[in-house]
Number of protein chains: 2
Amino acid sequence: MSRTEISTLGEFGLIERLTKDIQPRNASTLRGVGDDCAVLHYPDREVLVTTDLLLEGIHFDLTYVPLKHLGYKAVMVNLSDICAMNGTPRQVTVSLGLSRKFSVEAVEELYQGMRLACEHCGVDIVGGDTVSSLTGLTISITAIGEVRKDDIVYRNGAHPTDLICVSGNLGAAYMGLQLLEREKSVLHSSDGVQPAFEGKEYILERQLKPEARLDIVRALADAGIRPTAMMDISDGLSSELLHICRQSGCGCRIYEEHIPIDYETAVMAEELNMNVSTCALNGGEDYELLFTVPLSDYDKVDALDDVRLIGHITAPELGTLLVTRDGAEMTLRAQGFTAFGDE
Amino acid sequence: MSRTEISTLGEFGLIERLTKDIQPRNASTLRGVGDDCAVLHYPDREVLVTTDLLLEGIHFDLTYVPLKHLGYKAVMVNLSDICAMNGTPRQVTVSLGLSRKFSVEAVEELYQGMRLACEHCGVDIVGGDTVSSLTGLTISITAIGEVRKDDIVYRNGAHPTDLICVSGNLGAAYMGLQLLEREKSVLHSSDGVQPAFEGKEYILERQLKPEARLDIVRALADAGIRPTAMMDISDGLSSELLHICRQSGCGCRIYEEHIPIDYETAVMAEELNMNVSTCALNGGEDYELLFTVPLSDYDKVDALDDVRLIGHITAPELGTLLVTRDGAEMTLRAQGFTAFGDE
């Protein structure tokens with residue numbers, strides 16, 4: 001592949017090359033890239049704004065994360081935050097700090113992943129900043145979305161007896177990370193050995209290419225369910241559930257046996273001699289939705305695809321408890337070990 | 001001064017400490033820090049969004065920029081972009097990448113400067129991200145503002161015969177930077193010598209503590225003037241004026257003798273044996289507003305405080321010209337040498 005130095009294009013040339021065929025697809029995008037600001041139009045919706053800063057060596061490791069996947073994930077984790085408010089993402093701004101090791105082609109690859117994530121979710125890239133950096137890659141993304149005022153779901157609305165639900169399954173992204181770390185050390189230690197990724201495609205994909213659960217936001221709306229509290233799981237189930245309990249002034253009781261875990265996640269945990277429930281509780285980066293609904297919505301929630309009931313909200317004096325498979329009660333602790341997004 | 005390690009607070013503790021007494025002051029801020037997203041309310045205005053990424057060693061040098069000033073400037077340059085669309089800034093998000101050399105007290109100082117800039121302009125801090133970094137300080141700011149649809153001013157609306165105006169004066173921030181660079185090398189070369197900043201307070205302040213010209217946006221509205229095109233001057237007058245001409249499909253003719261230059265700027269240029277007009281044309285970082293108005297607004301613009309007419313827009317085939325003091329015509333060139341904001 002040819003290598004074009006960024007300096008041959010300059011900042012404006014690079015931005016022009018990256019953004020030249022971007023066409024806004026949302027009615028709310030009046031003006032995107034090319035002026036001092038983007039101009040957005042939100043006459044009868046509330047505007048949601050969220051932002052993330054990702055630094056090479058802290059949040060991602062380019063020795064095993066392809067640039068296209070990195071771009072995809074960097075956008076998706078922000079769109080996930082919009083979903084966590086029960087909103088619909090519409091725009092992102094993308095700022096990049098690029099050291100000299102990155103060619104124009106490398107930046108295009110990163111940008112391709114970002115654009116793919118935007119296309120999947122119907123989102124427009126409306127601006128950003130591209131600067132040179134002394135060391136490595138810096139990515140800063142701001143996502144903007146919309147929600148009807150009555151549909152906003154905060155973290156602080158959970159009530160005792162509410163049902164606690166999660167979408168998809170948990171621990172997969174963390175197991176994917178463990179796999180990548182293991183294969184990285186194999187690659188470093190002996191030449192000629194190929195990474196052993198067969199039969200582990202799902203957990204790899206969950207680590208490298210997470211999806212914002214916009215489909216769940218839509219399914220909730222279609223089913224007439226308005227969650228009382230919601231977050232996306234970036235730091236691990238325990239950590240996020242404790243946020244909801246603290247901000248709602250409640251306790252909780254969840255059941256280990258009900259925590260959804262994929263087969264590949266369980267196999268990988270077994271291989272690494274790790275407790276799979278611990279991984280599901282603390283692994284993070286799954287970007288599934290954690291939400292609470294009134295008890296009266298039991299039938300509606302039970303009928304949803306890819307959503308599991310894992311427990312219920314309690315009075316605060318009952319504590320924040322995990323009931324293990326053998327019936328013991330343990331207090332939940334936040335001990336996320338996330339490498340991406342929030343620390 | 002005591003030094004508290006960030007690790008003793010953790011990410012959430014640090015954010016809580018930095019944001020604990022922030023009270024939203026804008027009606028458009030429904031929810032600020034503390035959930036997955038900020039929630040904003042813009043029922044009858046267009047929403048403006050702009051973002052900047054600032055990296056230590058590229059955009060700022062902590063050997064001579066105090067953290068409080070850095071925070072102030074980092075926010076102001078974004079608010080200036082909102083003004084450049086003829087808008088009013090309302091919210092910012094602030095993301096920080098912090099290496100271990102920064103104590104909690106240092107981050108508080110940086111944040112103080114940011115909050116001061118926000119207070120000056122009536123802006124709310126509504127979110128952000130705080131992460132650790134391997135090397136130095138990373139600042140990413142997104143500013144959000146509002147504007148009535150009919151009041152938006154893009155870069156591409158200038159027409160032949162329009163008057164070209166600038167607020168304030170130019171070249172001062174660049175001269176301030178030269179002064180700081182000179183005193184930095186003095187400090188490095190000989191002990192005990194104090195920096196010679198006397199009589200140079202104005203250019204220092206222009207470099208360290210620029211102001212978004214929200215006052216000019218208001219004055220234009222009060223005078224019933226709607227500019228046809230507008231930008232803020234971050235990369236230098238030449239560069240910005242060429243953007244307006246290119247995007248509007250026009251030429252221009254500006255007069256060296258009309259470019260506003262402060263006395264301290266002229267003295268400093270003299271001391272450094274630099275051409276002061278070149279500094280004013282290419283210096284950048286002044287964050288003054290450059291705008292064009294219809295010829296029929298001549299009297300209104302002429303009556304404004306702190307605004308100067310420097311020339312007029314022409315047909316594109318007439319070129320983009322500077323008329324020098326001795327009557328010669330030169331083609332404008334973009335050769336900004338900015339160290340902060342856009343490269």
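Across the boundary between the two chains, His41(A) has Glu46(B), a residue of β3(B), as its bridge partner. The strands concerned are β2 (residues 38-41) of chain A and β3(B), which run antiparallel and are joined by 4 bridges; two strands are taken to pair if DSSP finds at least two bridges between them. Helices (H or I, at least four residues) and strands (E, at least two) are DSSP runs, numbered from the N terminus. The model is a predicted one, in which local features need pLDDT of at least 70 and side-chain atom pairs count only at pLDDT 80 or more, while totals for chains, interfaces and linings use all residues. For orientation, residues are numbered from 1 along each chain as its sequence is written, chains are lettered from A and ligands numbered from 1 in the order in which they are written.

The contact around this strand pair takes 50 residues from chain A and 50 residues from chain B, where two residues are in contact if their C-beta atoms, placed from the backbone, lie within 7 Å. On the side of chain B that touches chain A, two or more residues each come from β2 (38-41), β3 (46-55), α2 (67-83), β4 (88-98), β5 (124-132), β6 (138-147) and β8 (229-232) of chain B. The most is given by β3(B), with 9 residues. Sorted by class, this side of chain B holds 23 nonpolar, 15 polar and 12 charged residues; Ala, Val, Leu, Ile, Met, Phe, Trp, Tyr, Cys and Pro count as nonpolar, Asp, Glu, Lys and Arg as charged, and the others, Gly among them, as polar.

How the copies are arranged can be seen by superposition. A turn of 180° and a shift of 0.0 Å along the axis lay chain B on chain A with an RMSD of 0.0 Å, the fit being by least squares on the C-alpha atoms of residues with pLDDT of at least 70 in both copies. The two copies are therefore related as by a two-fold rotation axis. Within chain B, Pro43(B) has the C-alpha nearest the axis, 2.2 Å from it. Both copies use the same surface, as 100% of the contact residues of chain B recur in chain A.

Turning to the single chain, chain A contains 10 helices and 13 strands. Its radius of gyration is 21 Å, close to the 20 Å given by the globule rule for 343 residues, so chain A is as compact as a globular protein of that length. Here the radius is taken over C-alpha atoms, and the rule is 2.2 Å times the number of residues to the power 0.38. Along the principal axes, the C-alpha atoms of chain A fill a box of roughly 65 × 60 × 30 Å. Buried residues account for 53% of the 343 residues in chain A; a residue is buried if 20 or more other C-beta atoms lie within 10 Å of its own, exposed if 12 or fewer, and partly exposed in between, with C-beta atoms placed from the backbone. Of the contacts in chain A between residues at least 6 apart in sequence, 87% join residues at least 24 apart.

An open sheet of 7 strands in chain A follows the order β8-β10-β7-β11-β9-β12-β13, with mixed pairing. Its edge strands are β8 (229-232) and β13 (329-331) of chain A, each pairing on one side only. Direction ignored, neighbouring strands of this sheet are turned by 25° against each other on average; axes are lines fitted to C-alpha atoms, for helices over the stretch in contact, and angles run from 0 to 180 degrees between N-to-C directions. Inside the sheet, β9 (residues 251-255) and β11 (residues 307-314) of chain A run antiparallel and share 4 bridges, with Gly251(A) partnered by Thr314(A) in β11(A). Helix α7 (residues 237-248) of chain A lies across β7 (163-167), β8, β9, β10 (289-293) and β12 (320-323) of chain A, at about 150° to β8(A).

Two loop residues deserve a quick look for their backbone angles. Asp306(A), in the loop between α10 (298-302) and β11 of chain A, has a phi near 65°, a positive value in a residue other than glycine. With 14 C-beta neighbours inside 10 Å, Asp306(A) counts as partly exposed. Asn86(B), in the loop between α2 and β4 of chain B, likewise is not a glycine but has a positive phi of about 70°. Asn86(B) counts as buried, with 25 C-beta neighbours inside 10 Å.
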